[in-house]
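Work through the exercises below with the sequence and the coordinates at hand. Each task is followed by its solution in steps.

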Amino acid sequence: MSVRRFLSVLFAVLLPSYFYATDWILASEPFSFRSDSDSLQETLYSMSQQLPKLILEDLALVGERNISSKEEYYRQLKVLQANHKTLLTNYNNAVLERDKVLLSQQSQLRKRKTLKEKNLAVDEALLKLQENEAQTAQLLDKIESSGNEIVAKEAVSLWKGNSETLFVLDEKSTLAQKIDSEKINGLLTGSITAFNNYAMVEASITVFPGEISSATATAAGSLSDIVLIAKQLASELKAVVANAGAVELFFEIEPVQAIESAAVIIDGSVISVADIPTQGIAVATGNHGITLEAEGYYDKTFNWNFSEEGSYLITVELEKIETVELALVGEEDAQGQVYVNALPVGTLPVTLEVERGLLLGEFFPSEVQEEVPDSQGQSSAYFTMDLQDFTGLDFVNASLKLQTQDISNRIEKRRRTMYNSYSAFLVSLVPTIFSYGMYVNEHNGWAMGYQEEEKAKVWKGISNGTIALSVGLGINFFVQLGRYIFAVDAVLPEDIKD
């Protein structure tokens, strides 16, 4: 081993930081949060501050980051863009100095000599500016075609040297200016969505310069399990911070007829299957959400942690959507707007292609729509049919039995009638109880010889009448209750199958 190689190995062992040009600085913003519950706002605010700090603590243990060629090109582009401003200013100043000489009162001989010098300065400034622009154009082409080749390593450290200080953008500067002035290379951002006592958290890291977005990490759990949520997110983001490399995803889609219109959606980015190169799609290692969709087929969605292998073959068999042609007509050639599964499909009569399965619909007659533009509260007919029952048929003709009575008004009418009958029944109990009490009192008095029998007979007749009235009103109340229940039940489809 040569002396030079021996010294290099020695320095690498004893002083590893010597080989890093600079540290890769990681910072985090407070996470955003939202919830419909006002009582959770204080808890979520505290969580939005503490969660990124806990994640940063784990990410600080990554140690080093692999710098990709694209990341390095963006850094070079940043330097070129900064130099471009200086070179453009120099060129404008050179032109201004030359123009001053042209407009000066010097002799022609002296002016020619001075102009020669000034023109040389202008040409030199222009040449440097053009070289800068050419280098910028070449660099942009490199960025466009660059992959994830590792060109350097940098030590990962936290902004301000700790996880307790969060990055907050002030009103005086833009994000790019603040990031540049603080020399931040990676920014952790996230959002918290709370429902009841649970929260779903999404977090991602953006790399600067270039604002290169990474894959999004997700975790869900109880609001009291903030440490566990932070551990889950950090475990997924460590690969992003380390930039451990990329994996290639290969797709095998069945049936082959679906490939023409198929698209792959990876973390929200849509990629046409026709655009997928034969070598696959390169994605960062870690967790990714993938959806495959094709016209005429059901979507397939799944999440997977792509970190164990260098490449994956994803075989997906898409299920074809079975459709049937449905012709809808109304009784007595009725016309009006038809809604199927809450979507407007046209006016009766209408023919449409629908998915074979349970169909829920509603019909609004035209004459009612003219009177009441708003569909709420107007007369309508609900209908339902399960097209799975028509196995083997490609065309179904259906006639709607229209219910033109305003269902909401009918329910309200039944409700009022029920409550009125209930009130009448309760009111009738007052004279019933009173007359029966008087009858018992007079009858007891007659039996003991204190009252005449005639009075007892009179109160007995009155008591029997009021009892009969109360029984009749009670029966009427239960009848009206049944009518109200049936009116409410009419709103729901009669036959709903899972």
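## Exercise 1. A salt bridge between two strands

Glu 64 has a relative accessibility of 30% and therefore counts as partly exposed. The model is a predicted one.

Task: state which residue forms a salt bridge with Glu 64, and where in the chain the two partners lie.

Solution.
- Step 1. The partner is Lys 153; the closest N and O atoms of the pair are 3.6 Å apart, and a salt bridge requires them within 4 Å.
- Step 2. Glu 64 lies in strand S3 (residues 64–68) and Lys 153 in strand S4 (residues 150–158). With their positions 89 residues apart, the pair links distant parts of the chain.
- Step 3. Lys 153 has a relative accessible area of 41%, so Lys 153 is partly exposed.
- Step 4. This pair belongs to a structure that holds 14 salt bridges.

## Exercise 2. A salt bridge within a helix

Task: explain why Glu 71 and Arg 75 are separated by about one helical turn, and decide whether the two residues are buried or exposed.

Solution.
- Step 1. Both residues belong to helix H3 (residues 69–102), and they are four residues apart, so about one helical turn separates them.
- Step 2. In general, an α-helix has 3.6 residues a turn, so residues three or four places apart point the same way.
- Step 3. Glu 71 and Arg 75 form a salt bridge, with 3.5 Å between the closest N and O atoms.
- Step 4. Glu 71 is buried, and Arg 75 is buried too; the cut-off for this is under 20% relative accessible area.

## Exercise 3. Lys 160, Glu 182 and a network

Task: describe the salt bridge of Lys 160 and the backbone of this residue, then name the members of the salt-bridge network.

Solution.
- Step 1. Lys 160 pairs with Glu 182 in a salt bridge whose closest N and O atoms are 3.7 Å apart.
- Step 2. The two are 22 residues apart and link distant parts of the chain: Lys 160 sits in the loop between S4 and helix H5 (175–182), while Glu 182 is in helix H5 itself.
- Step 3. Glu 182 is partly exposed because its relative accessibility is 25%.
- Step 4. Salt bridges with shared partners join Arg 65, Glu 71, Arg 75 and Glu 154 into one network.
- Step 5. Lys 160 is not a glycine, yet its phi is positive, at about 65°.

## Exercise 4. Backbone exceptions

Task: say which residue precedes Pro 209 in a cis peptide bond, which precedes Pro 255 in one, and what the phi of Lys 183 is.

Solution.
- Step 1. Most residues other than glycine have a negative phi, and most peptide bonds are trans.
- Step 2. The bond from Phe 208 to Pro 209 is cis, with omega near -10°. Pro 209 is in the loop between S6 and strand S7 (212–213).
- Step 3. The bond from Glu 254 to Pro 255 is also cis, with omega near -5°. Glu 254 lies in strand S9 (residues 246–254), and Pro 255 in the loop between S9 and strand S10 (263–266).
- Step 4. Lys 183 has a positive phi of about 55° and is not a glycine. This residue is in the loop between H5 and strand S5 (186–195). Its relative accessible area is 62%, so Lys 183 is exposed.

## Exercise 5. Two surface patches and helix H9

Task: list the residues of the negative patch and of the nonpolar patch, and check the span of helix H9.

Solution.
- Step 1. Glu 252, Glu 254, Glu 317 and Glu 319 form the negative surface patch. Glu 254 counts as partly exposed because its relative accessibility is 35%.
- Step 2. The nonpolar surface patch consists of Tyr 436, Val 440, Ile 467, Val 471, Ile 475 and Val 479, with about 500 Å² of accessible area together. Helix H8 (407–447) and H9 are the elements that give two or more residues to this patch.
- Step 3. H9 contributes the most, with four residues. Val 471 is in helix H9 and, at 48% relative accessibility, counts as partly exposed.
- Step 4. Other residues of H9 are buried, among them Ser 470, Leu 473, Gly 474 and Phe 477.
- Step 5. Helix H9 (residues 453–489) has 37 residues; at 1.5 Å a residue they should span 54 Å, and the end C-alpha atoms are 54 Å apart, which agrees.

How values were computed:
Residues are numbered from 1 along each chain as its sequence is written. This is a predicted model: local features need pLDDT of at least 70, side-chain atom pairs count only at pLDDT 80 or more; totals for chains, interfaces and linings use all residues. Side-chain values use heavy atoms; hydrogens and water are left out. Patches are made of residues with over 30% relative accessible area and no salt bridge: like charges are joined within 9 Å, nonpolar side chains (Val, Leu, Ile, Met, Phe, Trp, Tyr) within 5 Å. Accessible areas come from the Shrake-Rupley method with a 1.4 Å probe; for residues, only the protein chains shown count as cover. A salt bridge is a side-chain nitrogen of Lys or Arg within 4 Å of a carboxyl oxygen of Asp or Glu. Lys and Arg count as positive and Asp and Glu as negative; His and the chain ends are not counted. The place of a charge is taken as NZ of Lys, CZ of Arg, CG of Asp or CD of Glu. Buried means under 20% relative accessible area, exposed over 50%, partly exposed in between (1.4 Å probe, protein chains only). The expected span of a helix is 1.5 Å times one less than its number of residues.
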